[in-house]
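I opened my notebook to look up a few things. My topics are the DNA surface, the two copies and the aromatic rings.

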There are 2 protein chains.
Amino acid sequence: MPESVSKPPLAESLHPVETGFVRFFVHLATTVGLPRSVGEIFGLLFASMAPVSFDEVVARLGISKGSASQGLRLLTQIGAVSQVYVRGDRRTFYLAETRMRQLFSKALQESLRPHLEGNSRHIGLLEETIEENAAALGPAAGHYRSRAHSLRVWNEKALALLPLLDMLSPLLAPFLPFNLVKSDSASEPDSKTS
Amino acid sequence: MPESVSKPPLAESLHPVETGFVRFFVHLATTVGLPRSVGEIFGLLFASMAPVSFDEVVARLGISKGSASQGLRLLTQIGAVSQVYVRGDRRTFYLAETRMRQLFSKALQESLRPHLEGNSRHIGLLEETIEENAAALGPAAGHYRSRAHSLRVWNEKALALLPLLDMLSPLLAPFLPFNLVKSDSASEPDSKTS
DNA sequence: GGTTAAGTTCAATCTTTTTTGAACCATTTG
DNA sequence: CAAATGGTTCAAAAAAGATTGAACTTAACC
């Protein structure tokens with residue numbers, strides 16, 4: 001077998017500088033409520049000059065294939081990394097998204113908005129409950145209405161603010177509010193490059 | 001013993017309407033990465049017309065004194081509730097902060113800023129590591145420098161943005177980014193009312 | 001001062017989330 | 001087609017986080 005397809009050097013462990021990047025993103029990930037492994041992976045990709053293959057992620061970070069697979073999927077879903085297909089190599093390579101405004105903007109749309117919409121339904125139910133019990137509640141009904149109403153107002157302001165935030169995203173960058181991506185809905189899971 | 005000090009009615013369980021509020025805040029709390037019990041407590045207080053005592057929180061929600069104590073402390077620290085001292089009653093009462101801009105603003109200052117400052121130190125270390133290894137790194141050094149630099153830039157923009165966000169807070173209201181309050185630093189732990 | 005009530009602390013327990021690893025599926029290669 | 005490679009899935013193990021409850025502290029009351 002001619003050793004034609006040059007497997008990259010595949011250093012078995014991390015350079016101190018890489019470790020530094022990984023550390024940074026692990027810290028960020030955990031403060032943001034994401035699994036540590038996701039931070040590790042993103043750190044490695046972010047530090048890397050060239051796209052990194054699945055098996056390299058596993059080997060360099062010393063994490064299981066399972067973690068790597070799930071972590072890379074999550075990062076891909078939220079648009080933090082993209083897949084790069086390299087001609088002549090069967091493996092998939094991954095590349096960190098470094099234009100953070102895109103990252104941020106996508107997170108905003110796909111994570112925040114659904115939450116806020118969820119809230120809105122929630123508040124609707126609450127308001128119904130109040131009305132159902134309004135008679136029995138007597139004067140308290142007014143109080144409850146007003147509290148529920150203020151929830152609604154906040155929520156709607158936040159919702160209205162989303163597009164604005166989106167414009168500001170270049171500034172708000174490198175941290176994302178809360179646990180992203182609970183839901184799903186298929187989107188195009190690919191982006192190609194040679 | 002004369003039943004002089006009128007313990008409030010102390011309904012043992014929650015009215016459906018209260019349950020609705022509690023549900024809402026439990027949902028919010030968990031999506032934001034806060035313990036469920038904290039959501040329950042805040043929901044109860046938010047729904048209540050009058051300040052609520054510690055033991056009432058315990059009894060109405062059916063949680064342990066430990067949880068109630070810790071939850072109320074957290075909520076107090078982040079400024080989401082304030083303590084109310086009622087003359088003639090030995091117990092401490094708690095009142096939900098309903099002016100959300102204050103809540104938000106405080107969270108911003110006390111939770112976000114420390115994180116960002118932590119990041120900044122972190123990036124400093126990273127940059128040092130890069131310089132220490134610059135020679136050995138050769139041309140890669142430039143690449144690492146530039147990646148680290150972009151981290152720094154994002155972080156500084158975010159930091160610079162804090163005051164601005166603070167002004168916008170009336171809009172950004174009812175959700176707080178990430179796990180609040182890891183650190184401490186004594187602040188005035190009281191606010192009084194009769 | 002002694003008793004009681006209010007509230008806090010913290011180790012042990014319960015719950016939830018992450019990670020692992022082995023079994024599996026899908027492609028490619030010879 | 002069989003063997004090998006790349007990668008995913010998912011049940012079980014491990015780790016992290018939340019909750020409880022009992023012991024403890026502090027202050028009030030008589």
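I began at DNA strand C: H4(B) gives the most to the surface near this strand, with 5 residues. Near means that a heavy atom of the residue lies within 4 Å of the strand. Helices are DSSP runs (H or I, at least four residues), numbered from the N terminus.

I noted the ground rules. This is a predicted model, where local features need pLDDT of at least 70, side-chain atom pairs count only at pLDDT 80 or more, and totals for chains, interfaces and linings use all residues. Residues are numbered from 1 along each chain as its sequence is written, chains are lettered from A and ligands numbered from 1 in the order in which they are written, and side-chain values use heavy atoms, with hydrogens and water left out.

**DNA strand C**

I found 19 residues around DNA strand C, and among those that come nearest are Ser37(A), Arg90(A) and Arg90(B). Sugar and phosphate make up 60% of the strand's atoms that come within 4 Å of the protein.

Next I looked up polar contacts (pairs of N or O atoms within 3.5 Å). Arg90(A) has a polar side-chain atom 2.5 Å from a base oxygen of DNA strand C. For Arg90(B), a polar side-chain atom lies 2.8 Å from a base nitrogen of the strand. An N or O atom in the side chain of Ser67(A) is 3.1 Å from a phosphate oxygen of DNA strand C.

**The two copies**

I laid chain B on chain A: the RMSD is 0.1 Å, after a turn of 180 degrees and a shift of 0.0 Å along the axis. The two copies are therefore related as by a two-fold rotation axis. The superposition is by least squares on the C-alpha atoms of residues with pLDDT of at least 70 in both.

**Aromatic rings**

Which kind of pair do Phe25(A) and Phe42(A) form? Rings of Phe, Tyr and Trp (its six-membered ring) pair if their centres lie within 6.5 Å; planes under 30 degrees apart count as stacked, over 60 as edge-to-face and the rest as tilted. I counted 14 aromatic pairs over all chains. Phe25(A) and Phe42(A) have ring centres 4.9 Å apart and planes at 80 degrees, so they are edge-to-face. Phe25(A) sits in helix H1 and Phe42(A) in helix H2 of chain A, so the pair ties together parts 17 residues apart in sequence. Both Phe25(A) and Phe42(A) are buried, meaning under 20% relative accessible area (1.4 Å probe, protein chains only).

Definitions and conventions. A polar contact is a pair of N or O atoms within 3.5 Å; within protein, one must be able to donate a hydrogen and the other to accept it, and residues adjacent in sequence count only if both atoms are side-chain atoms. Helices (H or I, at least four residues) and strands (E, at least two) are DSSP runs, numbered from the N terminus. Buried means under 20% relative accessible area, exposed over 50%, partly exposed in between (1.4 Å probe, protein chains only).
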